[in-house]
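Thanks for asking me to look through this one with you. Here are my comments as numbered points, to be read with the structure open beside them.

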Amino acid sequence: MDPFGRHPSCFRSTRVVSRIALTATSILLLTACNRGILDPVGPVGQAEKTILINSTAIMLAIIIPTMIATVAIAWWFRRGNKKATYRPDWEYSGAIEMVVWGIPLLTIMLLGGIAWIGSHDLEPSKPLASANPPLRVEVVSLDWKWLFIYPDQGIATVNQLVVPEKTPVSYRLTSATVWNVFFVPQFGTMIYTMPRMTTQLHLQADRPGVYDGLSAHFSGDGFPGMEFKAQVLPTDQFATWAQGSRGQGGALDAASYAELTKPTSYVKPMTYGTVSPGLFDAIVADRVDQLHLPIPQAAPSVEKASATPSGG
Amino acid sequence: MLGKLSWDAIPFHDPIPLITSLVVILAVLGIGIWVWRKGYWPALYHGYITSTDHKKIGIMYIVLALLMLVRGFADAIMMRLQQSLAIGASQGYLPPEHYNQIFSAHGTIMIFFVAMPFVIGFMNFVVPLQLGVRDVAFPTMNNVSFWLTASGALLINLSLFIGEFARTGWLAYPPLSELEFSPGVGVDYYLVALQISGVGTVLTAVNFVTTILKTRAPGMSYLRMPVFCWTSLAANLIILAAFPVLTVTLALLMLDRYMGFHFFTNDGGGNSMLYMNLIWVWGHPEVYILVLPAFGIYSEVAATFSGKPLFGYRSMVFATMVICIVSLMVWLHHFFTMGAGANINAIFGIASMIIGIPTGVKIYNWLFTMYGGRVRFTVPMYYLIGFMLTFVGGGLTGVLLAIPPVDFVVHNSLFLVAHFHHVIIGGVVFALMAGYTYWFPKAFGFTLDERLGKMIFWCWFIGFHLAFMPLYVLGLWGGTRRMQHISDPSWAPWLNVALLGAVIIGVGIVLTVVQLLYSIKTREQRLDVTGDPWDGRTLEWLTLSPPPHYNFAVLPDVHGEEAYWIRKQTAIKQDALIDEPDYQPIEMPIDTPTGVICAFFASLCGFAVIWHIWWLAILGLVGAFAVFVWYAWQDEHEHIIPVEEVRANARERRRIRMEHLHSLSQST
Amino acid sequence: MSTEVATIGLTHGASEDTGLGHRGPESKSIVVPYGFWLFVLSDMVLFSALFATYATLTNATDGGPTSNQLFDRNLVAIETLALLISSFTCGLAMIAAKRKNMAWTQIWLLVTGLLGAVFLFIELYEFATMVGEGAGPQRSAFLSAFFTLVGCHGAHVTAGLLWIGTMMAQLWAKGFREHIMRRLLCLSVFWHALDIIWVAIFTIVYLIGTLP
């Protein structure tokens with residue numbers, strides 16, 4: 001009946017196996033850490049990583065003893081154990097009930113506090129505090145690539161996000177077709193891009209380098225090819241890049257935008273040296289074909305185009 | 001004449017669906033011929049297909065669930081294989097249009113046609129027995145519910161042979177699922193199949209809430225009901241509150257697709273965020289519809305195999321009802337990243353965490369049920385302990401996902417995929433396997449092979465951890481879900497471990513079939529003659545295995561929380577059974593083909609709607625109404641089991657019980 | 001919906017009272033309406049989802065006509081009156097049925113059905129007018145939501161009419177048997193529930209929608 005007691009030899013072999021497994025796991029875990037969201041390069045990602053690790057630690061402090069107790073109690077009170085006292089009618093203890101309701105309750109109160117404070121501190125639409133003025137970037141998800149418009153620089157890129165280091169970036173996001181999620185794991189917070197609506201996101205990257213970006217919401221057949229590179233440049237280099245791109249490459253107007261919206265995937269990065277002003281709002285309003293006309297600000301589709309109270 | 005249907009719908013050029021179709025068709029034909037040749041057809045027709053017996057319907061639900069498990073698992077292993085192959089330069093063996101159908105079908109089938117029928121199957125089989133009554137409140141409707149569920153399953157699987165399935169994920173988010181972006185019939189298959197099976201599910205809930213609240217054995221007050229009945233009640237109340245919302249959501253999407261409405265479209269003022277809200281108003285409670293009955297199974301298993309009453313029964317009931325209510329108020333945590341604002345995110349995040357409190361209480365109560373017990377390490381107990389060890393981890397990651405700022409970086413990621421498999425496999429599937437082993441002897445009169453059962457457990461336990469722990473890691477790397485191709489070659493080792501895990505689970509599923517066949521073959525060695533093979537505590541163990549159609553010759557009088565245990569202890573103490581009661585004839589519902597005919601017309605109508613064959617759709621509706629009226633016109637819905645038969649059966653049972661009682665008193 | 005059930009487990013022997021006031025399964029005359037009530041409740045949830053949808057989309061007119069421009073309060077008032085009176089006559093039919101008065105039961109059921117048909121006719125007329133004016137459900141999300149909410153109620157009324165017809169035929173053929181009486185009770189519950197939902201529609205859609 002009792003599977004553990006009958007084979008004492010299996011203890012020895014499991015010990016060896018577990019030691020090998022342990023070594024293997026620790027090697028894997030060492031290589032596994034320091035990537036993606038565990039290696040944030042900006043304050044938002046850093047704060048989120050801290051909350052992730054703190055919350056995990058708080059819960060592990062409860063869960064590991066519970067797991068040990070599960071195995072220990074089940075094993076000690078096995079039917080064959082003559083030393084264990086059998087109490088066939090013991091089914092209630094007010095003190096224990098207090099504790100078993102109390103422990104989860106206190107844990108959740110603590111974590112709930114973390115969630116409340118964290119939600120407010122890290123609200124995506126909240127601007128970041130910084131001495132540097134924010135850079136504005138408008139993000140459009142297309143089938144199946146990303147368009148980044150720099151309204152102040154008058155340039156646009158496809159599948160290549162370039163931002164200056166230590167500078168808050170204020171993103172306005174929308175989608176030209178279906179839903180996607182804009183996500184650069186090492187920057188932090190991801191957010192939905194939704195057609196006819198805008199969302200807002202504020203991120204900052206402090207370490208120069210090239211980071212992977214992706215769509216984190218399935219959007220159709222070309223979805224896995226919606227990857228892009230996010231490049232963080234020192235501030236002066238960013239200025240040089242923006243200057244150099246100005247006027248270079250094609251112009252992004254209604255015609256070239258129509259060309260760009262054709263479904264393609266795994267698109268190589270490219271740059272547009274000029275961008276028709278108001279393109280982003282025209283995409284949100286689905287009026288790109290009338291881009292040369294002024295966009296009516298009170299158009300009903302723009303009016304409701306706000307996913308966040310402060311968006312749109 | 002045939003709407004959108006043409007020969008192009010048959011996948012002549014795709015070997016995978018074509019060969020699968022042929023194999024399935026041949027298998028169905030083969031089984032049909034075998035049944036016919038062996039002369040089992042009448043028994044199958046009268047004993048199961050048209051049966052209004054809750055036990056037979058429960059068994060049919062579970063058979064459906066196991067069949068669909070094989071289908072859903074085939075999808076799973078194909079996905080794992082594709083992700084292991086399609087890394088870097090390689091595109092793997094599945095193009096996006098196939099891969100996307102497979103993950104959509106996997107989710108849809110596993111939730112709607114594996115987990116749901118499995119859970120509902122147990123409710124069907126167990127609840128009336130535990131309540132000490134003879135059937136559910138509405139036996140005919142019960143049969144109709146089953147066949148409507150089966151009809152949905154049929155349509156989903158038909159999409160493999162004729163046309164295509166949705167390529168939009170298991171919740172078919174618009175605008176991707178709108179006609180503009182998904183012009184094929186795939187989404188229509190999804191919508192129609194779920195609508196039909198959804199009707200069946202709502203009827204089931206009506207049936208079980210009525211059964212539990214209005215038909216219980218004499219003396220069984222609310223606080224004497226077994227915990228499985230309580231959790232079933234909670235699950236069915238959630239179904240009543242949540243499934244109508246699913247019906248509406250899918251209906252609105254159908255109106256968009258079929259009639260050009262603008263609920264969720266990009267143009268015309270449509271609002272796709274509304275779909276997201278509506279579908280999760282159903283979708284999150286759905287999780288608890290599955291997991292609450294699972295908790296009920298664990299409670300039964302824990303008490304029985306610890307040889308002790310469940311610790312903190314009232315606390316357990318309270319925790320169940322808290323979960324039942326709070327589960328309906330947390331849906332927004334599925335889209336914290338939509339930009340709803342800090343207050344809304346925080347409130348829904350905390351509400352989600354609150355569910356962790358009663359769930360944690362349950363874990364501790366099972367722990368203290370074992371404390372002071374005599375724990376027998378049977379297969380169901382393996383699953384219980386395996387669950388307790390696994391589920392706390394799934395709970396941990398669940399609470400993490402409920403913290404909005406953490407969700408901001410792991411939303412929709414492989415971390416999420418790992419989390420929900422963690423709780424659904426570790427929580428629901430383990431319970432279903434435990435329940436399958438636990439109640440199998442009650443259904444068929446012999447136990448399942450223990451050794452193979454433990455091997456199956458280890459396959460699930462090890463396989464699950466290998467398959468999903470790597471996905472946590474990849475999720476922390478920023479890996480997202482539903483990727484037909486992976487660019488980063490450094491993912492390969494983790495994906496290969498995950499594939500290995502899936503293969504081990506696959507071995508477990510194969511062993512389940514082996515165990516069943518082997519146990520049937522060697523059943524003489526493990527016959528359950530007493531009807532109480534596990535030294536049980538609830539009323540289902542009072543009657544014989546398998547129970548007679550009417551379950552109990554006389555409805556048992558209930559005198560305490562563990563109705564059967566008390567009765568058994570009294571009998572052992574007095575070395576005598578209670579006095580023979582005055583037997584009476586029993587009125588039982590007759591078999592009826594209503595359900596299967598209803599489902600036939602529903603399938604016909606559904607298929608017609610999918611392919612825009614309008615005359616056939618109208619024919620289906622008229623047919624369904626005609627069946628309904630025809631049934632309503634019948635006068636005889638019951639037959640009487642004569643008192644002689646009842647008495648003879650009951651005396652046989654008493655004789656067996658007496659023998660068992662003597663053997664017990666001799667051994668102690 | 002099927003309200004027809006078989007008897008189950010009601011013939012247990014005389015059981016002792018265990019002192020908890022629970023004496024075993026309830027009789028069918030309790031169980032069947034109880035189950036039907038649950039079904040009606042789930043139907044109410046269904047409508048609440050449609051109400052939520054309507055409330056969300058009520059301003060999403062996409063430049064098309066608004067509720068103020070479309071709805072005709074007078075027409076809706078007649079419609080509402082017809083349905084409210086039909087609820088009353090449905091009650092009269094139930095009273096007549098309780099007294100086993102076949103003629104009056106049939107008459108009141110017929111009147112109920114006719115009033116339901118009047119309601120439905122006005123609704124269809126309203127729909128047809130709107131579609132004719134280019135304000136069909138395809139025009140905007142608001143109109144999609146309007147047609148679906150009101151149309152879903154209309155579909156329920158249609159089902160109710162079918163049921164009334166079937167019930168009248170059954171009553172005629174089989175008389176006041178126990179199971180026929182149970183079905184009549186369920187029918188009246190259904191019909192009154194439709195009335196309650198209509199009151200909500202009348203208030204939320206038509207009254208609030210035509211506020212200046």
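**Notes on the predicted model**

1. Let me begin with chain C, where an unreviewed UniProt entry places the feature "transmembrane region" at residues 31–55, 75–95, 107–128, 140–164 and 184–208. Please keep in mind throughout that this is a predicted model.

2. Two of those annotated spans can be held against the coordinates. Residues 107–128 of chain C are 100% helix and 0% strand, with 31 Å between the end C-alpha atoms. For residues 140–164 of chain C, the helix share is 96% and the strand share 0%, and the end C-alpha atoms are 35 Å apart.

3. Next, a word on confidence in chain A. The average pLDDT there is 87, and 83% of the residues score at least 70. Residues 1–12 of chain A fall below 50, and this stretch has 10 contacts in the model beyond near neighbours in sequence. Residues 295–312 of chain A also stay under 50, although the model gives them 49 contacts beyond four places in sequence. I would be glad if you looked at both stretches on screen.

4. Now to the open sheet of chain A. Its five strands follow the order E4-E10-E9-E6-E7, with mixed pairing. At the edges are E4 (160–164) and E7 (191–193) of chain A, each of which pairs on one side only. From one strand to the next, the twist averages 30°. Helix H5 (residues 235–245) of chain A packs on this sheet and touches E4 and E10 (228–233) of chain A; the direction of H5 makes about 130° with that of E4(A).

5. Strand E6 (residues 180–183) of chain A deserves a closer look. Three bridges link E6(A) to E7(A) in the antiparallel sense, and within this pairing A:Asn180 has A:Thr193 of E7(A) as its bridge partner. E6(A) is also joined to E9(A), again antiparallel, by two bridges; here A:Phe183 stands opposite A:Leu214.

6. Are the side chains of E6(A) buried or exposed, and which way do they point? A:Asn180 and A:Phe182 point one way, A:Val181 and A:Phe183 the other way, and all are buried. The polar-looking partner in the previous point, A:Asn180, is thus among the buried residues.

7. Another set of pairings in chain A involves strand E5 (residues 167–175), which is mostly covered, with seven of its nine residues buried. Strand E1 (residues 135–142) of chain A runs parallel to E5(A), and seven bridges join the two; A:Val139 stands opposite A:Leu173 of E5(A). With strand E8 (residues 199–205) of chain A, E5(A) pairs in the antiparallel sense, over seven bridges. There, A:Tyr171 has A:Leu201 of E8(A) as its bridge partner.

8. Finally, how many residues does each chain bring to the contact between chain A and chain B? Chain A brings 85 residues and chain B 76 residues. On the side of chain A that touches chain B, at least two residues each come from helix H3 (43–76), helix H4 (94–121), E7, E8 and strand E9 (209–215) of chain A. H4(A) gives the most, with 16 residues. By type, this side of chain A divides into 49 nonpolar, 22 polar and 14 charged residues.

9. One link between these points: E7 and E9 of chain A appear in the open sheet and also supply residues to the side that touches chain B. E8(A), which pairs with E5(A), supplies residues to that side too.

Notes: Residues numbered from 1 in each chain as written. Chains lettered and ligands numbered in written order. Predicted model: local features only at pLDDT ≥ 70, side-chain atom pairs only at ≥ 80, totals over all residues. Pairing = 2+ DSSP bridges. Helix = DSSP H or I, 4+ residues; strand = E, 2+ residues; numbered from the N terminus. Axes fitted to C-alpha atoms, helices over the stretch in contact; angles between N-to-C directions. Contact = placed C-beta atoms within 7 Å. Buried ≥ 20, exposed ≤ 12 C-beta atoms within 10 Å, placed from the backbone. Nonpolar A, V, L, I, M, F, W, Y, C, P; charged D, E, K, R; others polar. pLDDT = per-residue confidence, 0-100. UniProt positions renumbered as here; feature names shortened; annotations may be inferred.
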